[in-house]
Structures are given as structure tokens and as C-alpha cells.
Amino acid sequence: NACSDENNDPSPGGDDDDRPETLAWIEDTMRKHYLWNEKIKKAGELDYSTDPETFFTSLLYKNEDGKTSANGNHTYYSYIEKATVDTRGFINEDYTYGFEFTTVLFNVQGSTTKFYGALILYLLPGTAAEEAGLKRGDWIIGIDNNSLTTQEDVMSLFGVTEKTFTIAQWDSKTNGFINSRHVPIGNATSADYNPILVSDVITRSGKQIGYLVYDRFTKGEDNNNTVFDDQLRTLSSGLFSGVNEFILDLRYNNGGLLSSVQLLCAILGPGNVLTAKRLGYLQYNDGSTENFTAGKSHLGSTGKNLNLQRLFVLVSSTSASASEAVINLLDPFMEVVVSGEQTEGKNVASEDFTSDDKVWEMHPITSKIFNSADKSDYSNGWIPDVNMGDTFDYDSNGNISSVVDIYDL
């Protein structure tokens with residue numbers, strides 16, 4: 001290790017280190033922890049005059065980190081942000097109209113005109129959207145009498161000032177919008193967020209079927225409490241205590257904490273998942289591994305293992321990361337039936353790092369997730385057993401052929 005070729009480039013971390021402090025922290029952390037650290041450019045090829053976001057992105061390995069869409073846009077899984085920024089999910093709880101949505105770009109027949117339609121997937125209680133009477137399945141096709149024609153129009157749906165939405169329903173018979181109406185909506189405000197959107201027990205043919213819509217793997221309102229994990233524990237020993245079957249709805253869940261994954265597996269898996277030496281493991285850039293379990297300790301004093309032998313999971317193309325991990329991790333222990341669309345394909349995990357001055361938070365991918373059977377083969381997405389679109393069906397050219405009927409969660 002003491003022998004090396006002469007290198008006239010600035011030596012990261014050496015006595016002659018003249019890198020800006022924040023960039024030095026970014027580079028040194030990434031060279032040590034980033035899953036694809038061997039792909040980071042040499043010091044002499046890096047530009048130390050750029051801002052932290054640009055510099056961080058220059059270190060990333062595009063071939064493995066993230067996904068490239070059909071239009072060529074690449075989204076990295078690793079990211080950096082100001083420490084005050086909240087990126088917990090699609091809905092910004094600090095300033096929102098109070099609904100999650102997905103968009104489609106429509107063509108006007110006989111014209112080159114295109115416009116966006118925004119389909120409301122669910123609403124948060126006590127928000128402007130709920131007070132305005134909006135509901136899941138409504139389409140927003142205009143704002144203040146103008147069509148949604150630009151990305152800026154779509155971005156405004158996340159929350160701004162008072163607006164008037166043009167709301168319509170989709171008619172599958174005519175493949176068009178009907179019953180359009182104008183709905184005033186108030187200012188965007190803060191909202192109370194709970195990842196447990198729906199919890200219910202459905203009785204069918206003598207069976208008690210648990211149903212859980214889980215939107216994000218997060219333990220609490222912040223790092224200082226476990227209110228959401230505790231709610232899962234209470235549901236397992238209360239509402240879900242006597243269920244025979246279970247449907248886990250992860251269609252709008254794009255990931256989150258591994259600890260919440262372990263808890264959910266401890267609740268939904270068969271009894272032997274609690275005593276297994278490992279539920280799965282993380283593999284790091286040096287080949288080392290770290291086992292993790294779903295033992296009784298995750299259930300605490302209020303949780304219960306449901307001892308299920310079979311689990312039905314609903315997914316969509318945006319189900320990712322922790323959502324996919326639950327399927328993969330439980331698969332060796334029980335029958336897991338997956339229905340929906342092919343998932344995102346994120347079989348890696350990140351860690352959080354904060355700069356010494358508390359200004360920047362960095363979230364690089366640092367490990368790959370394997371189950372107890374040494375499988376992590378869903379980097380292109382988990383292929384469902386039952387293929388069914390969540391909101392849209394597409395033809396062979398990728399164009400929308402029909403819109404799936406939208407029911408209540």
C-alpha cells in the first residue's frame with residue numbers, strides 16, 4: 001500500500017488538500033461508502049469549483065445508480081440536499097392542496113395540441129382538496145380555465161394559492177372526459193400525514209381478510225418518535241388479530257426505512273420468520289455483508305405476528321425500494337402473490353450523512369439488498385404474478401389504450 005506511482009494531482013485528504021471543505025466531505029464520504037466507489041473519477045478529473053449539488057452528481061455512476069426513462073431523462077437514487085429540505089414523499093406536508101396524483105399526456109384528436117390530465121389517487125384529511133369535495137378517481141384537466149399544457153402547470157398542482165380546478169371523469173366507453181365542472185380550491189396549507197391510508201378487515205366466504213394501504217415506510221413524524229410503527233403494532237394485535245388472509249396495498253409506496261420493513265415482515269410473515277437467523281442482508285462495496293432479522297424485538301410489547309402462510313401484494317410501476325424488499329424478503333418464507341404492474345426495480349439501499357456544519361445531507365446508495373436465499377434479482381422491477389394496470393393500460397407502442405376503472409381504496 002505504501003508504493004504508488006507519482007501523482008501530481010491534488011491528493012484528497014492529504015497535507016496539500018486545497019479542496020473546499022464541503023466538497024472534500026462529499027468526495028471522501030463517497031469514496032468510502034458509495035456502492036460503486038470504484039467508478040468515481042480520479043481527483044484530477046473532478047471540478048472543485050462547482051456547487052455541492054453539481055459536484056455530488058459528477059461522482060455518481062449513471063449505469064447503475066437510478067433509472068433512465070423512455071425520453072432519456074435519468075433520475076439518480078443517490079441525492080444531496082440542504083439539511084432543512086423535507087423530501088419524505090410526493091406530497092409536501094408543509095404546503096399542499098392535499099392530494100397525490102399521477103399525470104398522463106393526452107393528444108387532442110385531429111390536432112397537434114397536447115395537454116396533461118392529473119388523476120387524483122388519494123387525499124389527505126383536513127386539506128383544501130378534501131374540503132373542496134375532490135375524491136380519488138377525479139381528473140384535473142384545467143386550472144383557472146386553462147388546460148394543463150406545461151410541466152409548470154403540473155408542478156402547480158403540488159400546492160400554491162387559491163385556484164379553480166376543472167374536474168372531469170373518464171368515460172371508458174368513449175375514451176374521453178365527461179361531466180366536467182369547475183371546483184374552487186383554497187390555498188395550499190400544511191397537512192397531517194399518516195402512511196397508513198386505509199386499514200380494514202373484509203369478510204368474504206367465511207374468511208377474515210386484512211387490508212392495509214401503506215404509503216411509506218417511515219417510523220414516525222420525525223426521527224424522534226415511532227408513532228406510525230406503533231400504529232402498525234397496534235393494528236396487528238387489534239384489528240388484524242384474527243385474519244385468515246391479507247392484502248398489502250403498496251401501489252403508491254416508493255420506499256423508506258429498513259426498520260419499518262423488518263417490522264412489517266415480523267407482523268405479516270409466518271411464525272418462523274421471528275426465529276430465523278436472518279431475514280436478509282446488505283452487501284457493501286467491499287463485499288462485506290450485514291445480516292438483519294425480523295425478530296420478536298421488532299414487535300415490541302404491543303405487536304403480534306399474524307402467522308400468515310400467504311400474502312397478496314398490490315403494486316404499481318411506482319412501487320419501489322422498501323416495497324419491493326418486503327416481497328423479496330418474505331418470498332423464501334411464504335407464498336407471496338403479487339398483482340399489478342412491474343415495479344420500479346430498486347434493490348439497493350442508501351445511508352444518510354450530514355456535513356459537520358449541518359448544512360448538507362447526503363443520501364448515497366451504499367449497499368445492495370439480498371433475501372435469506374441470496375436473491376436480489378429484481379433490478380429491472382418485480383414482475384407480478386397477475387399483470388393488471390393500476391390506472392392505465394397501454395398498447396404495444398406505449399400509448400394509452402384505456403383507463404382502468406378507479407375504485408375506492
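A residue counts as buried when its relative accessible area is under 20%. Hold on to that cut-off, because A266 comes in at 0%, and is therefore buried. The model you're looking at is a predicted one, and A266 is a handy place to step into it.

So where does A266 sit? You'll find it in helix 6. Setting aside the neighbours within four places in sequence, A266 is in contact with V273, L274, A294, G295, H298, L299 and N305. Have a look at T293 while you're there: A266 and T293 are 27 residues apart along the chain, and their C-alpha atoms are separated by 8.7 Å.

Now zoom out for a moment. The chain has 409 residues, and 46% of them count as buried. Its secondary structure comes to 8 helices and 23 strands. If you take the contacts between residues at least 6 apart in sequence, 65% of them join residues at least 24 apart.

Back inside, helix 6 (258–268) leads us to the largest nonpolar core. This core has 45 residues, and the ones that touch the most other members are L212, Y214, F246, L248, L264 and L268. Several elements give two or more residues to it: strand 11 (207–214), helix 5 (227–237), strand 12 (245–249), helix 6, strand 15, helix 8 (322–330) and strand 16. Which of them gives the most? That would be helix 6, with 7 residues. Apart from this core lies another one, made of 23 residues, including M30, Y34, F56 and L60.

Let's follow some of those contributors, beginning with strand 12. Of its 5 residues, 4 are buried, so strand 12 is largely enclosed by the rest of the structure. Strand 12 pairs with strand 11 in the parallel sense, over 5 bridges. Within that pairing, G210 stands opposite F246. F246 has plenty of other company, too: leaving out neighbours within four places in sequence, F246 is in contact with I209, G210, Y211, L212, F240, L268, L306, L308, L311 and F312.

Helix 8 is another contributor to the core, and it is mostly covered, with 9 of its 9 residues buried. The buried residues in helix 8 include some you might not pick out for a nonpolar core, so here is the run: A322, S323, E324, A325, V326, I327, N328, L329 and L330.

Helix 5 is where D229 lies. Is D229 buried or exposed? Its relative accessible area is 5%, so D229 is buried. Beyond the neighbours within four places in sequence, D229 is in contact with Y214, T218, K219, S260 and L263. For a sense of how the chain folds back, compare D229 with G303: the two are 74 residues apart in sequence, and 9.6 Å apart in space, C-alpha to C-alpha.

Strands 15 and 16 take us from the core to an open space. Strand 15 (310–315) and strand 16 (335–340) each supply at least two residues of the lining of the second largest pocket. Strand 15 gives the most to that lining, with 3 residues. The pocket has a volume of about 460 Å³. In total 20 residues line it, and R251, L314, M388, D390 and Y407 lie nearest its centre. What classes of residue make up the lining? The count is 12 nonpolar, 3 polar and 5 charged.

Two more strand arrangements round off the tour. The first is an open sheet of 3 strands in the order 3-19-18, with antiparallel pairing. Strand 3 (79–82) and strand 18 (353–354) stand at the edges with a single partner strand each, so one side of each has no neighbour in the sheet. Strand 3 is joined to strand 19 (residues 360–363) by 4 bridges. If you want a residue pair to look for, the bridge partner of I80 in strand 19 is M362.

The other arrangement is a hairpin of strand 8 and strand 9, which has 4 residues between the strands. Strand 8 (residues 163–171) and strand 9 (residues 176–185) run antiparallel and are joined by 8 bridges. Across the pairing, F165 stands opposite V183 in strand 9. And in this hairpin, N175 takes a positive phi near 50 degrees.

Notes:
Residues numbered from 1 in each chain as written. Predicted model: local features only at pLDDT ≥ 70, side-chain atom pairs only at ≥ 80, totals over all residues. Heavy atoms only, no water. 1 Å grid on protein atoms, 1.4 Å probe; cavity = no way out; pocket = protein on both sides within 12 Å on 5 of 7 lines; lining within 4 Å. Points joined across faces, edges and corners; volume = space filled by probe spheres on them. Nonpolar A, V, L, I, M, F, W, Y, C, P; charged D, E, K, R; others polar. Core = buried A, V, L, I, M, F, W, Y, C linked by side-chain atoms within 4.5 Å. Buried < 20%, exposed > 50% of the residue type's maximum accessible area, 1.4 Å probe, protein only. Contact = heavy atoms within 4.5 Å. Pairing = 2+ DSSP bridges.
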